[in-house]
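Let's look at this one together, a question at a time.

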Amino acid sequence: MSVHKAITKHVKKQNSRITEFIRLDHERERYIDIAVQNCQAGKAFSVTEINAITVKMNELAKLGAVPQRKIVTAEMVEEYAEKLGTS
């Protein structure tokens with residue numbers, strides 16, 4: 001029975017990490033969209049919020065079950081915005 005409890009506990013921890021990762025990923029994508037829209041409109045934008053969330057996601061990744069994400073640079077946002085503009 002203790003093996004069953006240990007497995008259940010492990011699965012719950014992983015499920016919790018995955019759920020939190022998905023929530024953070026949606027939030028990160030929202031901030032990326034805002035940065036790209038601002039860039040396309042010629043407005044100032046920041047990657048600070050994006051990368052603060054990325055750090056949290058990468059901390060979860062160190063615990064397993066979820067992938068790491070890249071830190072986003074302003075240049076990456078500009079390149080992506082330009083690519084979207086030429087599509």
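A short conversation about helices, packing and a pocket follows.

This is a predicted model, in which local features need pLDDT of at least 70 and side-chain atom pairs count only at pLDDT 80 or more, while totals for chains, interfaces and linings use all residues. Residues are numbered from 1 along each chain as its sequence is written, and side-chain values use heavy atoms, with hydrogens and water left out.

Student: How far apart are the end C-alpha atoms of helix α1?
Tutor: Helices here are DSSP runs (H or I, at least four residues), numbered from the N terminus. The expected span is 1.5 Å times one less than the number of residues, so the 39 residues of α1 (residues 2-40) should span 57 Å. The model agrees, with the end C-alpha atoms at 56 Å.

Student: Against which helices do the buried residues of α1 pack?
Tutor: Buried means under 20% relative accessible area with a 1.4 Å probe, protein chains only. In α1 the buried residues include R17, F21, D25 and I32. They pack against α2 (48-62) and α3 (74-86).

Student: Which helix supplies the largest share of the largest nonpolar core?
Tutor: A nonpolar core joins buried Ala, Val, Leu, Ile, Met, Phe, Trp, Tyr and Cys residues through side-chain atoms within 4.5 Å. The largest has 9 residues, among them I32, V47 and V77. α1 and α3 each supply at least two residues of this core, and the largest share, 4 residues, comes from α1.

Student: What residue follows α1 with a positive phi?
Tutor: The phi there is near 75°. The residue is G42.

Notes:
Buried means under 20% relative accessible area, exposed over 50%, partly exposed in between (1.4 Å probe, protein chains only). Contact means heavy atoms within 4.5 Å.
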